Amino acid sequence: MKKIKSKDLADAFGIGVSKWKRWAKEFLGPGPGKMMRGYGREYTALDALRVYLGGVLVSEKALGVEEAKRAIKEFWPWLEAQGYLESRLNGYFEHDPPEVKEWVIAIQRLRDGRLQFLAKGILKCEQIRREGTRVVWQETYFHEPIGTWQSTDIISEAILNADSEIKAFWLLWNRLKKD
C-alpha cells in the first residue's frame, strides 16, 4: 500500500507543499521531522481530511486557524454520524434522512464574535423566475444545530458544502492510493 506524503497531497489538491505542511502542523500538530530527521509525515485518510477541511476553512471561508480548529472539532462528530468519514470510491453518500439531496454546514459568526454551526439538509432547490441575467431560486431545507445553539444574532455566514468538498477529497484520496 502506498504511503501518502505531504507532496502527494499538495499536488493532488493543487496547493503548495509548504502551505500543506503549515496546515498539517496547525491541524495535526508537529510531525516527525523535528524528532526524526529524514522522516516526513505519512497521512491516514482522516488526518488528510482534517488538514484539507482546515485549509478550506482558512483559505476559502476566511476563518482564523483557531476558529477553523474549533469548527472541525465541533462538526467532526456530525460528519462521522452522516458517514462522511468513511471512504467512498465513487464519492456518493447515502443521506439520512434519504430525501436530503445534499448537506451544507453554515458557519455563523455572531455579533459577539463567537461561531455557531448549523447543518442544512437541502431537500429541493428550484428556479422560480428569471429577471434578465438575475435568477431567483427557492430552496427548501431543514436544519439542525451542530453543537450548542447560541443565538440568532448572526452577522455573517459562510457555507461549507459538505457533499462537494468531502466528495472531492475522497475521489482524490482514492486516486492517490491507486497510483
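Two residues are in contact here when their heavy atoms lie within 4.5 Å. With that in hand, Lys124 is a good place to start: leaving out residues up to four places away in sequence, Lys124 touches Gln138, Glu139 and Thr140. Please keep in mind that the model is predicted.

## Overall layout

The protein has five helices and four strands. Along the sequence they follow the pattern α-α-α-α-β-β-β-β-α. Of the 179 residues in the protein, 39% are buried. Contacts across the sequence are well represented too: among those between residues at least 6 apart in sequence, 60% join residues at least 24 apart.

## How the helices pack

Let us walk through the helix pairs, beginning at the N terminus. Helix α1 covers residues 6-13 and helix α2 covers residues 17-28. The table gives the axis geometry for three pairs.

| Helix pair | Axis distance | Crossing angle |
|---|---|---|
| α1 and α2 | within 9 Å | roughly 115° |
| α2 and α3 | within 9 Å | roughly 105° |
| α3 and α4 | 9 Å | about 130° |

How do α1 and α2 lie relative to each other, parallel or perpendicular? They are roughly perpendicular, and α1 passes α2 in a right-handed crossing. On the α1 side the contact involves Ser6, Lys7, Leu9, Ala10 and Phe13, which meet Val17, Trp20 and Lys21 in α2.

Ser6 deserves a closer look. This residue of helix α1 has a relative accessible area of 7%, under the 20% cut-off, and so counts as buried. Setting aside neighbours within four places in sequence, Ser6 is in contact with Trp20 and Lys21, and also with Arg41 and Tyr43.

Next come α2 and α3, whose axes cross at roughly 105°. That angle makes α2 roughly perpendicular to α3. From α2, the residues Trp20, Trp23, Ala24, Phe27 and Leu28 take part. Their partners in α3 are Asp47, Ala48, Arg50, Val51, Tyr52, Gly54, Gly55, Val58 and Ser59. Trp20 of α2 therefore appears in this contact as well as in the one with α1, where α1 and α2 are roughly perpendicular.

The third pair is α3 and α4, with an angle of about 130° between them. Here α3 is oblique to α4, because an angle of about 130° falls outside the 65 to 115 degrees that count as roughly perpendicular and is not over 145. The crossing is right-handed. Leu46, Leu49, Arg50, Leu53, Gly54, Leu57 and Val58 represent α3 in this contact, while α4 brings Val65, Ala68, Ala71, Ile72, Phe75, Trp76 and Leu79.

## Helix α4 and its surroundings

Before α4 comes a loop from α3, and Ala62 lies in that loop. What is the sign of phi at Ala62? The value is positive, near 60°, in a residue other than glycine. Most residues other than glycine have a negative phi. Ala62 also counts as exposed, because its relative accessibility of 64% is over the 50% cut-off.

Helix α4 itself runs over residues 65-81. At 1.5 Å a residue, its 17 residues should span 24 Å, and the end C-alpha atoms are 25 Å apart, which agrees. The helix does carry a kink of about 40° at Phe75, shortly before the proline Pro77.

Which residues of α4 are buried? They are Ala68, Ala71, Ile72, Phe75, Trp76, Trp78 and Leu79. An α-helix has 3.6 residues a turn, so residues three or four places apart point the same way. Among these buried residues, Ala68, Ala71, Ile72 and Phe75 are also listed in the contact with α3. After the helix comes Gly83, with a positive phi near 85°.

## Strand β2 and helix α5

Back to Lys124, which sits in strand β2, residues 115-131. Is this residue buried, partly exposed or exposed? With a relative accessible area of 40%, Lys124 is partly exposed. Tyr141 is 17 residues away from Lys124 in sequence, and their C-alpha atoms are 6.9 Å apart in space.

Finally, Arg175 is found in helix α5, residues 162-178. Its relative accessible area of 48% makes Arg175 partly exposed. Arg175 and Ala12 are 163 residues apart in sequence, yet the distance from C-alpha to C-alpha is 9.0 Å.

Notes. Residues are numbered from 1 along each chain as its sequence is written. This is a predicted model: local features need pLDDT of at least 70, side-chain atom pairs count only at pLDDT 80 or more; totals for chains, interfaces and linings use all residues. Side-chain values use heavy atoms; hydrogens and water are left out. Helices (H or I, at least four residues) and strands (E, at least two) are DSSP runs, numbered from the N terminus. The expected span of a helix is 1.5 Å times one less than its number of residues. The bend at a residue is the angle between axes fitted to the seven residues ending there and the seven starting there. Buried means under 20% relative accessible area, exposed over 50%, partly exposed in between (1.4 Å probe, protein chains only). Axes are lines fitted to C-alpha atoms, for helices over the stretch in contact, and angles run from 0 to 180 degrees between N-to-C directions. Angles under 35 degrees count as roughly parallel, over 145 as roughly antiparallel, 65 to 115 as roughly perpendicular and the rest as oblique. A crossing is left-handed if the near helix is turned anticlockwise from the far one by less than a right angle, and right-handed if clockwise.
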